[in-house]
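Okay, thanks for coming, everyone. I've got one structure to walk you through today, so let me put it on the screen.

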Amino acid sequence: MVEAYFRRSPLNHLGLAARASADPAGADIVLAERPHRCQIVLRGDAGDPAFTAALHGATGLVLPAAANSFVTEGDLSCLWLGPDEWLIVGPGGGEGEVTARLRAALAGLHAAVTDISEARTTIAISGAHARDLMAKAVSLDLHPRVFGPGHCAQTGFAGANIILRQLDDVPSFEIFVLNSFAEHVWRWIEGGCREFRVAIAVH
């Protein structure tokens, strides 16, 4: 874990805070970076009651019941990445405590807990035309009948590997992208938004 003083967003040099809109409510698309989130990769056996009980006891979370879905409890979410792999996401600054609780609860079990909070940033995209923008870069079927609130997926976005999730019916999406690809993805998004009214928000 990096001390807060030394943390720098991979998009810090773009000056997003200075470009933020005072009132983004009228925009077709609202963009934001949500840096320094708690991001923990969890590996284990979903069929082991001891594993699921330890997870719930340490975080209050249960595993998602379906592939490519996520569940939320309080400030934490658990995203399905594979049959034995999940991403736990939460507010920044809490990753050390959550990691420690998980490792203590899962001690002795066939499981692994890895804090990757410094590896990725999060780009938020919301608004009436957010899905239209996403469809330009993602090969997934994002029709609301197929991909809606509570869904997530690992996919490609303009040549970068991302984790995508939809939060609500606005629609609001979050893109988890490796820091080294964050500027490329952000600039692609801004270029793909030119036909829409766009606002930048600060989170």
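**Two helices, two sheets and a pocket**

Let's start with a pair of helices. Helix α2, residues 49-59, packs against helix α3, residues 95-105, with about 145° between them and 9 Å from axis to axis. Before I go further, keep in mind that this is a predicted model. In case you wonder about those two values, an angle between axes and a distance between axes are how one describes two packed helices.

The crossing of α2 and α3 is right-handed. So who does the touching? On the α2 side you'll find Ala-54, Leu-55, Ala-58 and Thr-59, and from α3 come Val-98, Arg-101, Leu-102 and Ala-105. Sorted by class, that contact comes out as six nonpolar residues, one polar and one charged.

Now, what do these helices sit on? α2 lies across β2, β4 (76-82) and β5 (85-90), and runs at about 165° to β2. α3 lies across β2, β4, β5 and β6, at about 170° to β6.

Those strands belong to an open sheet of five, ordered β3-β4-β5-β2-β6, and the pairing is antiparallel. At its edges are β3 (70-73) and β6 (112-115), each pairing on one side only. From one strand to the next, the twist averages 20°. If you want a spot to zoom in on, take β2, residues 38-43, and β6: they're antiparallel and share four bridges. Val-41 stands opposite Thr-114 of β6 there.

Okay, second sheet. This one is also open, with six strands in the order β8-β9-β10-β7-β1-β11, and here the pairing is mixed. The edges are β8 (152-157) and β11 (198-200); each has a single partner strand, so one side of each is left without a neighbour in the sheet. Here the twist averages 25° per step from strand to strand.

Further in, β1 and β7, the latter being residues 120-126, run antiparallel and are joined by four bridges. Ala-32 stands opposite Ala-124 in β7. And a helix packs on this sheet too: α5, residues 179-192, touches β1, β7, β8, β9, β10 and β11, and its direction makes about 140° with that of β10.

Two backbone details while we're here. Which residues does the cis peptide bond join? Val-170 and Pro-171, with omega about 5°. You'll find Pro-171 in the loop between β9 (160-168) and β10 (172-178). The other detail is His-36, which has a positive phi of about 60° although it isn't a glycine. His-36 is in the loop between β1 and β2.

Last stop, the pocket. How much space lies in the largest pocket? About 220 Å³. It's lined by 14 residues, and the closest to the centre are Leu-16, Ala-17, Glu-33, Pro-35 and Val-202. Two elements give two or more residues to that lining, namely α1 (16-19) and β1 (29-33). α1 provides the largest share, three residues. As for chemistry, the lining has nine nonpolar residues, four polar and one charged.

So if you take a picture home, take this one: a five-strand antiparallel sheet with α2 and α3 lying across its strands, and a six-strand mixed sheet with α5 packed on it. β1 is in that second sheet, and β1 also helps line the largest pocket. That's me done, and I'm happy to rotate the view for anyone.

Methods: Residues numbered from 1 in each chain as written. Predicted model: local features only at pLDDT ≥ 70, side-chain atom pairs only at ≥ 80, totals over all residues. Heavy atoms only, no water. 1 Å grid on protein atoms, 1.4 Å probe; cavity = no way out; pocket = protein on both sides within 12 Å on 5 of 7 lines; lining within 4 Å. Points joined across faces, edges and corners; volume = space filled by probe spheres on them. Nonpolar A, V, L, I, M, F, W, Y, C, P; charged D, E, K, R; others polar. Axes fitted to C-alpha atoms, helices over the stretch in contact; angles between N-to-C directions. Left-handed = near helix turned anticlockwise from the far one by under 90°. Contact = heavy atoms within 4.5 Å. Pairing = 2+ DSSP bridges.
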